[in-house]
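Trainee: Could we go through this one together, with me asking and you explaining?
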Amino acid sequence: MRPGRPGVRRAAAVLVVLALCAGCASLPESGPVRREAAAAGGEAPSAPYFNPPGPAEDGSPAAIASGFLVAMQANPLSTKVAREFLTERAARTWRPNRGTLVYEAFTVTPGGSGATVRLADVRRLDARGGWRGDGAGRTQELGLDLELEEGQWRVEDPPDALVVPASFFDRSFERRTLYFFDPTGDSLLPDPVFIPRGGQSATNLVRGLLAGPGPALAQVSRSAFPRGTGLDLSVVVTEGGVAEVPLTRELLRASPADLERAADQLAWTLRQVPQVSRVRMVVGGAPVPLPRGVVEVPVSTAPDLDAAGDTESVLFGLRGGRVVAFDGGAAEPVAGPLGRAGFETRSLAVSTATGRVAAVSEDGSTVFEAPLDQPSEGEDVRQVLSGTDLLRPSYDRFGGLWVVDRTAAGARVWLVEDGRARQVQVRGVTGEAVAAAAVSHDGTRLAVAASGRTVARVRVVDVLRTDEGLVTGTGRSRPLSVAGDAAQAVDVGWRDPATLAVLSRTGAETSRVDYVSADGSPVAPGLVEPSLFRDRAVALVVSPQLDVPLRLVTADQRLFTLAAGGTWPRTGSQLVAATYSP
């Protein structure tokens, strides 16, 4: 994995708090509530120690219902006191690990032998700790029935979920990532989840991994673990940094290739736990040997599986009618045909993996493709697509070139492979007004920015492929909102394999960049927060590799680069367009 994920606006940081719980997380159900050691350096400080009171003697139904909600805020996490508010039957059957409801505020309204709890601004997470995609501002009512047991009111029908306020999550939970393979088994796709901080992180991550990918990745990813594989007891991290992962016997049904892939999934997922340096799978108390003859895998294994690409990202641009490459700050024409003068083009895409460059003509009617470097005999510039108003193209890692044409009847999506173009029907995109589009480097999702709206909106569409990487169509199409003031979307790109960067216009001479998670969840902390850009930006220049800086191109052909402090210093000029490869 590449370092660091850039920070977000304060409002987005609040949303992180809203989503930070894993239903699949280990929530202690018994034992004393006790104080834990201070958080390790670099982590957010722990929430204040809180041992909630139990049920008050002769408490009313409303008081018991309120006390039940408060008791779920025990820190360190424990459901022991919360169960004291339940009937004996409910205490035995309550399963708070099946989901999470996170709210900003609650009110309790009594009603006979029951109470209605109204939760404001609710977010939901599934049993894995994955985001359920609910929009902001949602309210939810919980009707709680209470019964008298030994003369005291107790809750009989608690929801099978942990129900806690957003403030509780700010310091108690953290965003982490599970990793699942793309259909080809050649890339690991990130799937964000939210788990409690503390000593059970490794166990919670493995449980989430074994539960499989969430809805946002379900159609475009797979797990190497055989169906039914479970975690047998907890993950143990030895003093030497080895995470021993005890798994059920279903693991032994895996093919040799899938056994290796399963180890890679564990290594990539558990590298987020600071104490873990190696991973060992165990079944029945015995280490499981991998086909390569080892039983331990370093967490740094398989860098080539990075969905962001594992080759150096290079900046290319259009200057003086030529495609140029920037090497050490100097711009030199590429050796291929489009590096020669005389071409009038307005946007481009480059694939160093396939050695191809594509460019859209200045009037937007044609897409040309040519070798990036010196062509072989007979190779030259060829026309691969004609249209009405062709937007900037983008390559996936398979060499597929994705282009959106804005026609009088709305958007048409085209895929060019081996010089042949075919139209792809995309729900929520085909026939709609579109400002920009970009395929993810791993080729599993297409991001599209809608045009003609006063509030920026984007859409993420699953790209369905065979295990050989051939595109068979598109699947789930989900709209995403961009937080903040009213703005019109101008461009979109992949800032990492799970996060979009969205360029929007906030005024005649101001623009801004926002980050949006591809699954709709709060954005990971650590991203560089861009300041307002005080000029008219017309395009993003963005790489999914986080160590590569984000850039903007303006209408007057100037290039600006996002600095570590969030400012936008000017770094180039006379560029009609720019792009990164891969």
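Mentor: Sure, and a definition comes first: buried means under 20% relative accessible area, exposed means over 50%, and partly exposed is in between, using a 1.4 Å probe and protein chains only. Helices (H or I, at least four residues) and strands (E, at least two) are DSSP runs, numbered from the N terminus. This is a predicted model, where local features need pLDDT of at least 70 and side-chain atom pairs count only at pLDDT 80 or more, while totals for chains, interfaces and linings use all residues. Residues are numbered from 1 along each chain as its sequence is written, and side-chain values use heavy atoms, with hydrogens and water left out.

Trainee: Okay, which residues of α2 are buried?
Mentor: Helix α2 spans residues 61-71 and is mostly covered, with eight of its 11 residues buried. The buried ones are Pro61, Ala62, Ile64, Ala65, Gly67, Phe68, Leu69 and Ala71.

Trainee: What does Ala56 touch, leaving out residues up to four places away in sequence?
Mentor: Look in the loop between α1 and α2, where Ala56 is found. Ala56 is partly exposed, as its relative accessible area is 49%. Contact means heavy atoms within 4.5 Å, and by that rule Ala56 touches Ile64 and Gln152.

Trainee: Is Asp58 buried or exposed?
Mentor: Asp58 sits in the loop between α1 (10-18) and α2. Its phi is positive, about 60°, although Asp58 is not a glycine. With a relative accessible area of 58%, Asp58 counts as exposed.

Trainee: And Ala302, is that buried or exposed?
Mentor: Ala302 also has a positive phi without being glycine, near 50°. Find Ala302 in the loop between β14 (297-298) and β15 (314-319). Its relative accessible area is 14%, so Ala302 is buried.

Trainee: Which residues does a cis peptide bond join?
Mentor: Go to the loop between α2 and α3, where Pro76 lies. Omega is about 5° at this cis bond, and the pair it joins is Asn75 and Pro76.

Trainee: Which backbone nitrogen does the side chain of Thr87 reach?
Mentor: Thr87 is in the loop between α3 (80-83) and α4 (88-93). It is buried, because its relative accessible area is 1%. Not counting residues up to four places away in sequence, Thr87 touches Glu147, Glu149, Arg154, Val155 and Glu156. At 3.1 Å, its side chain reaches the backbone nitrogen of Ala90.

Trainee: How are α6 and α7 set relative to each other: what word fits the angle?
Mentor: Axes are lines fitted to C-alpha atoms, for helices over the stretch in contact, and angles run from 0 to 180 degrees between N-to-C directions. Helix α6 (residues 201-211) and helix α7 (residues 256-270) pack at about 135°, with axes 10 Å apart. Angles under 35 degrees count as roughly parallel, over 145 as roughly antiparallel, 65 to 115 as roughly perpendicular and the rest as oblique. So the word for α6 and α7 is oblique.

Trainee: How many residues of that contact of α6 with α7 are nonpolar, polar and charged?
Mentor: The contact is made by Ala202, Leu205, Val206 and Leu209 of α6, plus Gln265, Leu266, Thr269 and Leu270 of α7. Ala, Val, Leu, Ile, Met, Phe, Trp, Tyr, Cys and Pro count as nonpolar, Asp, Glu, Lys and Arg as charged, and the others, Gly among them, as polar. The split is six nonpolar, two polar and no charged.

Notes. A polar contact is a pair of N or O atoms within 3.5 Å; within protein, one must be able to donate a hydrogen and the other to accept it, and residues adjacent in sequence count only if both atoms are side-chain atoms.
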